[in-house]
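Work through the exercises below with the model in view. Try each task before reading its solution.

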Amino acid sequence: MSNKEVKAALKSARDAIRNKEYKEALKHCKAVLKQEKNNYSAWVFIGLAAAELEQPDQAKGAYKKAIELEPNQLLAWQGLANLYEKPNQTDVRGDLADVYQKLLQLYESGDKQKWYDVCNKLVELYHQEKKYFEVAETWQKLIQVKQEEGAEKAELHQLWKKMIQLLKDSTENQDNKIEQSLLTAFEHAVNSADTVPGEDHQNLYKDFIQCLSKFPHEAVRLEKACHDMMALYPTVSYPLEVLCLHFVQSGTLSEEALGCFSRLLEMDANSGPGIIGFGIKCLQEKKYREAVESLTEGLQKTSECPAAWHYLAEAQMKIHKHRDAVLSCNQAFKALGTPEGPTLRWKNRILQLKAEALIKIADADAAEEAIQSLEQIADASSDPVVLALRGRAYLNKGLMDQASKISQELLSSHPDLAESHALEGFIHYSQKNYEQAERSFLNAIERKAETAEYHQYLGLTYWFMSDETKKDKGKALTQFLKAAKLDSYLGHVFYYLGNYYRDIAGDKSRARGCYKKAFELDGTDEESGTAAVDLSVELGDMDTALSILNEVTEKASTGAAKWAWLHRGLYYLRTGQPSQAVADLQAALRADPKDSNCWESLGEAYLSRGSYSTALKSFRKASELNPELVYSIYKAAEVEQILGKYENAIATYQQILKKTEDYVPALKG
């Protein structure tokens, strides 16, 4: 076949392809290849025809042969790209990406529009494969080419926005290069917008700031973006809210941070981050109740802030709401997600605070949970304060040997640490070794004089050590007063101050004040509540007694606060108000149905009201529960007499006289 014939055959092949006669085209090409086996055009036409005849393997082989012959010719590469783009071609994405890369090289110096088209296709392919690094690299190349061509600002703005869309799901990859590409795209996009200020630009800025807030190490950039947006949109609260949460999360509360909290609340009094910031300010100023109130309110609006939950737990610890603090720490963990970098520091702080709260709850279950929390703290074994906490948790769980072992280790490795001596003190105190406990707590106070708990326990040590140390003003009383001065929320200390003033100093008025304070601080402290009520009655101040009882009974759930219902019921009984007495004594019995004395008092109340049958049932119930209650048996007989059941009454009186011959009321009956 001559050169002329080869050309004619290739023309026939081309015409056949145009007419969709693909088998005919293959015949012409094969004829050419018999003569010229390295004919580039023939191999390209075979690729084309085979692809249309659904023979992908033959098509691919033909194109690759053509490429082998002429690697820098376009046709074969274009054909291969078209083949790989067909929907029935699976598992060829990697090969297709290589083909696109080659086409970009071939188009770069020529057809720019085709270069852009291929570039778009390549980026789309990488995006489907979640190859964000390649997406960023290729798209930046496209923007660079556009810039070199002198593209309009508006077009470049759209390209940067497209880059943001392409990379916005990449933040989970935590690849610094991809992250920087995304942030660069945002910066270019916000700076190249036409209408500033405007709604689209404002939303773009919000997205930029939201993106920055995901990267803890981009604090400087975040602060700048927030300030820039605030300057452009002074009435929009969003950048200020993000900035406030950033300051909260950073854990360092500067003057700038406090200023931001105030500005945000001025702009929007209901802003969650603003209220949280105010709560933290209250915590710094030692206004702990206000801090708890504000942080709780702020977190109802903005709950995804682990640092704020930690601050709330801290404030709750200050007012000794230990169970609440544990719940807040649990919420902090929920908000924390997967802790890394700066959040790991928060994780350790939350775990330690939770353990401290659980130790203060002081029961075996809480102690077990405290041990589990402490085990999760990173580098816990090298931190002596964490080790001391573990010792206290073991002590609360009754594991004396483990607690003592930690105590000895700490005293030898960290003799200057207050917590080392305090742990030793707690161990001695629990074993009633009061003289050794005194020495340990004095050592702890010498090293950390501002810890109220150490003074409290030294006071308790003196209280139980001996009558002399209990009565010695310079011992128990002094330590309790110091503890109360250092921590005015320590209810237990006020209870013991009440005991001191009542039992030793004989100052009922001052004692009543201390019990009242203890009860106000801890509404579950029945001993303080009862003592405050009893002393108020003794001092003839029924108004105070009733106000305490009313407050408790109003808040009490069914079956709770027996002591308050009983006290108020007895008061109503004494003051001739039998119906109110009945209601309160019934409420007391719902809390404790086996209290024989309470049943006896209920019988008295029914009797005063003239409800004889129910009075009789109540007295009988009292004597069933406690057969030694002669008075109840006598009152049952008295009611039977009133009801005209004389035989029963006589039998009951005789029953009493068998036990107690000289029981005058029964003889009279």
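The exercises cover helix packing, backbone angles, salt bridges and a surface patch in this predicted model.

**Exercise 1. Helix packing**

Task: Decide how α23 and α25 run relative to each other, parallel or antiparallel.

Solution:
- Step 1. Find the helices: α23 spans residues 418–430, and α25 spans residues 452–465.
- Step 2. Take the angle. The two helices pack at about 30 degrees, with their axes 11 Å apart.
- Step 3. Apply the cut-off. Angles under 35 degrees count as roughly parallel, so α23 and α25 are roughly parallel to each other.
- Step 4. Add the handedness. α23 passes α25 in a left-handed crossing.

**Exercise 2. A second helix pair**

Task: Do the same for α25 and α27: what is their packing angle, and how do they run?

Solution:
- Step 1. Helix α27 covers residues 473–486.
- Step 2. α25 and α27 pack at an angle of about 160 degrees, and their axes are 8 Å apart.
- Step 3. Angles over 145 degrees count as roughly antiparallel, so α25 is roughly antiparallel to α27.
- Step 4. α25 passes α27 in a left-handed crossing.

**Exercise 3. Positive phi**

Task: Locate H320 and A362, and state how exposed they are.

Solution:
- Step 1. H320 is not a glycine, yet its phi is positive, about 60 degrees. A362 is not a glycine either, and its phi is also about 60 degrees.
- Step 2. H320 sits in the loop between α17 and α18. A362 sits in the loop between α19 and α20.
- Step 3. Partly exposed lies between 20% and 50% relative accessible area. H320, at 24%, is therefore partly exposed. A362, at 47%, is partly exposed too.

**Exercise 4. Two salt bridges**

Task: Where in the chain do the partners of E368–K397 and E638–K635 lie?

Solution:
- Step 1. E368 and K397 form a salt bridge, with their closest N and O atoms 2.4 Å apart.
- Step 2. This pair links distant parts of the chain: E368 is in helix α20, K397 is in the loop between α21 and α22, and they are 29 residues apart.
- Step 3. E638 bridges to K635, with closest N and O atoms 2.7 Å apart.
- Step 4. These two are three residues apart in helix α36, so about one helical turn separates them.
- Step 5. Check exposure. E638 is partly exposed at 22%, whereas K635 is buried at 9%.

**Exercise 5. A surface patch**

Task: Which residues form a nonpolar patch with Y612?

Solution:
- Step 1. The partners are I642 and L643; together the three have about 240 Å² of accessible area.
- Step 2. I642 lies in helix α36 and is partly exposed, at 44%.

Note on methods:
Residues numbered from 1 in each chain as written. Predicted model: local features only at pLDDT ≥ 70, side-chain atom pairs only at ≥ 80, totals over all residues. Heavy atoms only, no water. Patch = residues over 30% accessible without salt bridge, like charges linked within 9 Å, V, L, I, M, F, W, Y side chains within 5 Å. Areas by Shrake-Rupley, 256 points an atom, 1.4 Å probe, with all protein chains shown as cover. Salt bridge = Lys/Arg side-chain N within 4 Å of Asp/Glu carboxyl O. Helix = DSSP H or I, 4+ residues; strand = E, 2+ residues; numbered from the N terminus. Buried < 20%, exposed > 50% of the residue type's maximum accessible area, 1.4 Å probe, protein only. Axes fitted to C-alpha atoms, helices over the stretch in contact; angles between N-to-C directions. Parallel < 35°, antiparallel > 145°, perpendicular 65-115°, else oblique. Left-handed = near helix turned anticlockwise from the far one by under 90°.
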